[in-house]
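Got the viewer open? Here is a walk through the model, one selection at a time.

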Amino acid sequence: MSMQSVASPAVTFTPPKRNSLTHIPGDEGWPLIGKTLEVLASTHGWGRILGLLFPRGLMLLDFDEHRLHRRALSVAFKSGPMKSYLAALDTGIAARVAQWKAQPGPILFYPAMKQLTLDLAATSFLGADIGPEVDEITRAFVDMVAASVAVIRKPLPGTAMARGVRGRKRIVAYFSEQIPIRRANGGEDLFSQLCRATHDDGALLSTQDIIDHMSFLMMAAHDTLTSSLTSFVAALAAHPQWQTRLRDEVAALGIAAGAPTTFDNLEAMPLSEMAFKEAMRLKPPVPSIPRRAIRDFTFKGYAIPAGTMIGVNPLFSHHMPEIWPDPDAFDPMRFTDEAQRGRHRFAWVAFGGGAHMCLGLHFAYMQAKCFARHFLQNLSVSLEPGYTPQWQMWPIPKPRDGLRVTLSPV
Ligand code: HEM
């Protein structure tokens, strides 16, 4: 079956009337901001937030069409390709940590992490030999991501949305020109994998599909990894005893400072993974997941009519005291096998759940643990006494002042 023939039936919703939800506690608020209005009017939860800049990204597809595309993309996340991404991440992280080590002292960590994540995406997603265009492409991409959460949704001159739309044009031109080259040359980066990926009938993904999936994948990876790795480092800076425990875990791997990180090394870092999960429990990179009810249903005795916009809220679930005692405390031991036994499977949903669950979650763990290995093997991180970083949680958690930390060589 060719992909073009399986487009999902258009799902159109009539938003429920305002007074049809009055039996639910709380109020609907005043949808004063353009984005709020558009989200309420859209047929897909994410469509209006991401549709203009990332049309037909995997998360925006539904039902059969989504399943088929998700299967085609999955080849890029199998262990062979993942090993080559790990090699690219490892080289990039080792080099950046060496730079930080050579210039220890105070650093604004959030922008530093954002830059590192971008640079890593350039090599692991696009290939090490992307060439002189790299700065222009990453700039175009950053503009697209910034525009996706901009309040003004029309590309009026001088707005983030206008820059985003211009960025998308540049990215589309770059990918279009590169696809035939990548098909001919091979290459182990994620883009080259998608250029060679096929549907079940053996047909290659179309140029348009590759462009849409690539832009979406870069977007899905970028701010989430920047946010989660910044929360992770902030937690280690605030909890030196945990920093020491994880450094001991890295030391126990027995790998020389210059040696590459392997899959086996990452497997042997369970405490680092638990600490990363705990950082994302406290500050989930996607704090709210928009959905729309496709049929009438009942939740906790409340009738929810079809078409109702639903905000699944990881930030709320991750702080429910009945599931997470002392919910604001940083305690990675919440994620031991024993502590997790019997816990609701959707109690921790940093990567979502169900049909749209994050496709890149192993990529994210890989990057986080590879980062932990190099960072902790070479540096210690601390906060000035009396300094408590303030965070904004929406639309993606980030420290308001960029997170002032001090790095010292170990
Ligand atoms: C810590 C990092 C990350 C977090 C917290 C995260 C979180 C999420 C969440 C919550 C969703 C589900 C959204 C929904 O159900 O509406 C999602 C979907 C997705 N993520 Fe991630 N993500 C991360 C990293 C990545 C990376 C590194 C990639 C790619 C390399 C990626 C690719 C995707 C894709 C393709 C989807 C859509 C899946 C689908 O619709 O079938 N993510 N992510």
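Start by selecting Lys-369: at 9% relative accessibility it counts as buried (buried means under 20% relative accessible area, exposed over 50%, partly exposed in between, with a 1.4 Å probe and protein chains only). Now add Glu-273, whose side chain meets that of Lys-369 in a salt bridge, 2.7 Å from N to O (a salt bridge is a side-chain nitrogen of Lys or Arg within 4 Å of a carboxyl oxygen of Asp or Glu). This pair links distant parts of the chain, with Glu-273 in helix α12 and Lys-369 in helix α15, 96 residues apart. Helices (H or I, at least four residues) and strands (E, at least two) are DSSP runs, numbered from the N terminus. Glu-273 has a relative accessible area of 24%, so it is partly exposed.

A word on what you are looking at: this is a predicted model, in which local features need pLDDT of at least 70 and side-chain atom pairs count only at pLDDT 80 or more, while totals for chains, interfaces and linings use all residues. Residues are numbered from 1 along each chain as its sequence is written, and side-chain values use heavy atoms, with hydrogens and water left out.

**Zoom out**

Show the whole protein as a cartoon and you get 15 helices and 9 strands. Of its 410 residues, 48% count as buried. Contact here means heavy atoms within 4.5 Å. Among contacts with a separation of 6 or more, 72% are between residues 24 or more positions apart.

**More salt bridges**

Side chains of opposite charge can pair when their charged atoms come close. The structure holds 15 salt bridges. Pick Lys-114 and Asp-223, whose side chains meet in one of 3.0 Å, N to O. Here too distant parts of the chain are linked: Lys-114 sits in helix α5 (residues 109-126) and Asp-223 in helix α9 (residues 207-238), 109 residues apart. How do the two partners compare for cover? Lys-114 is partly exposed at 25% relative accessibility, while Asp-223 is buried at 14%.

Stay on α9 and select Asp-212, then Arg-168: their side chains form a salt bridge of 3.2 Å, N to O. Asp-212 lies in helix α9 and Arg-168 in helix α7, so the pair ties together parts that are 44 residues apart in sequence. Both of these residues are buried. For a network of salt bridges, select Glu-133, Glu-136 and Arg-170.

**Aromatic rings**

Next, colour the rings. There are 15 aromatic pairs in the structure. Rings of Phe, Tyr and Trp (its six-membered ring) pair if their centres lie within 6.5 Å; planes under 30 degrees apart count as stacked, over 60 as edge-to-face and the rest as tilted. Try Phe-276 and Tyr-365: their ring centres are 6.1 Å apart and their planes at 75°, so this pair is edge-to-face. Phe-276 belongs to helix α12 (residues 270-282) and Tyr-365 to helix α15 (residues 361-378), 89 residues apart. Both Phe-276 and Tyr-365 are buried. Widen the selection to Phe-232, Phe-276, Trp-324, Phe-335, Trp-348, Phe-351 and Tyr-365, and you have a cluster linked by ring pairs.

**Into the loops**

Which residues touch His-318? Leaving aside neighbours within four places in sequence, its contacts include Trp-324, Trp-348, Met-280 and Arg-281. His-318 lies in the loop between α13 (314-317) and α14 (337-340), and at 0% relative accessibility it counts as buried.

Jump to Lys-300, in the loop between β3 (297-299) and β4 (302-304). Its phi is near 50°, a positive value in a residue other than glycine, and at 68% relative accessibility Lys-300 counts as exposed. Leu-403, in the loop between β8 and β9, also has a positive phi, near 70°. Leu-403 is buried, at 0% relative accessibility.

Now find the cis peptide bond joining Trp-394 and Pro-395, with omega about -5°. Pro-395 lies in the loop between β7 (391-392) and β8 (398-399).

**Last stop: a strand**

Finish on strand β6 (residues 379-382), where Leu-379 and Val-381 point to one face and are buried, while Ser-380 and Ser-382 point to the other and are not. Strand β9 (residues 404-409) runs antiparallel to β6, joined to it by 4 bridges (two strands pair if DSSP finds at least two bridges between them). Select Val-381 and Leu-407 together to see bridge partners.
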